[in-house]
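Below is a walk through one protein model, taken element by element and then as a whole. Please keep the sequence and the coordinates at hand while reading.

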Amino acid sequence: APTVTVSAAGATGRDDWRAFGRLSALAVFWSVPYVVMGSFAALNVIGRFHVSTAVGTATLTVFTAGGMVGTLAGGWLAERRGRLSTIRLGYLTAALAVAGVVFTPSLAGVLCCTALFGTALFVPFAAQITLAQDYLPNRVGTASGLTLGLTLSVGGLLSPAFGALADAWGVRTVLVTLIAVLTVAVLLALRLPEPSGPLPSPRSGSEPADATAA
């Protein structure tokens, strides 16, 4: 059985490395769509609808603005619906939004789906970080560093491969692959468990672990 330990902050809980591994894999599947859409959103509308570079740039702006909204919405949803439900909803909505970007025939529809994608993709972001810390309650620094590192780095490392795919098969093919990537992300999110240990007390860092009532 896993050993129960007490962290320096006084938090008691089990480090669930298996669940953390699943969450780390999910972070990779977050990173790829973020980088790919950021790289190809403008090229997609310019190539499909033969619009100006300014319109292509507006598409990227819409995607980024959606991310800001999604970060705030994700925190609000996590407090009311729970983190796991929020994460699953975010990835499922993001997958549907990418399908809209690929198959919607009008420019206005693509712009709306791009905004929805940016919002949905960032809904799980904060919930994933705090969930990682609860999976490894005795190694919260490791949990945060690994999760953020995977989130911000892996997509960038893989971007040359997606660039080569776009050169060979077109930008739309690259976006179609995101539907598959996000489908896998949904399946991974469905396998995430609730943290097994108790959550740290907000005041545990300011009171001795062996304090007794007077």
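In this predicted model, helix α2 covers residues 53–81, 29 residues in total. From its first C-alpha to its last, α2 reaches 40 Å, close to the 42 Å expected at 1.5 Å a residue.

Which residues of α2 are buried? They are Gly 56, Thr 59, Phe 63, Gly 66, Gly 67, Gly 70, Gly 74, Leu 77 and Ala 78. These buried positions pack against three other helices: α1 (17–49), α3 (83–103) and α4 (107–122). Just after α2 comes Gly 82, with a positive phi of about 95°.

On the other side of α2, the loop between α1 and α2 holds His 50. His 50 also has a positive phi, here about 55°, although this residue is not a glycine. Most residues other than glycine have a negative phi. Is His 50 buried or exposed? The relative accessibility of His 50 is 69%, and the cut-off for exposed is over 50%, so His 50 counts as exposed.

Helix α1, already named as a partner of α2, also packs against helix α5, which spans residues 125–135. Two packed helices are described by the angle between their axes and the distance between the axes. For α1 and α5 the angle is about 160° and the axes are 10 Å apart. An angle over 145 degrees counts as roughly antiparallel, and therefore α1 is roughly antiparallel to α5. The crossing of the two helices α1 and α5 is left-handed.

The residues that form this contact can be listed from both sides. From α1 come Ala 19, Phe 20, Leu 23, Leu 26, Ala 27 and Trp 30. In α5 they meet Phe 125, Gln 128, Leu 131, Ala 132 and Tyr 135.

These helices belong to a protein with seven helices and two strands. Along the sequence the pattern is β-β-α-α-α-α-α-α-α, with both strands ahead of the helices.

Some totals describe the chain as a whole. The protein has 214 residues, of which 41% count as buried. Among contacts with a separation of 6 or more, 81% are between residues 24 or more positions apart. How much area does the protein expose? The exposed area is about 10700 Å², and carbon and sulfur atoms supply 67% of it.

Note on methods
Residues numbered from 1 in each chain as written. Predicted model: local features only at pLDDT ≥ 70, side-chain atom pairs only at ≥ 80, totals over all residues. Heavy atoms only, no water. Helix = DSSP H or I, 4+ residues; strand = E, 2+ residues; numbered from the N terminus. Expected span 1.5 Å × (residues − 1). Buried < 20%, exposed > 50% of the residue type's maximum accessible area, 1.4 Å probe, protein only. Contact = heavy atoms within 4.5 Å. Areas by Shrake-Rupley, 256 points an atom, 1.4 Å probe, with all protein chains shown as cover. Axes fitted to C-alpha atoms, helices over the stretch in contact; angles between N-to-C directions. Parallel < 35°, antiparallel > 145°, perpendicular 65-115°, else oblique. Left-handed = near helix turned anticlockwise from the far one by under 90°.
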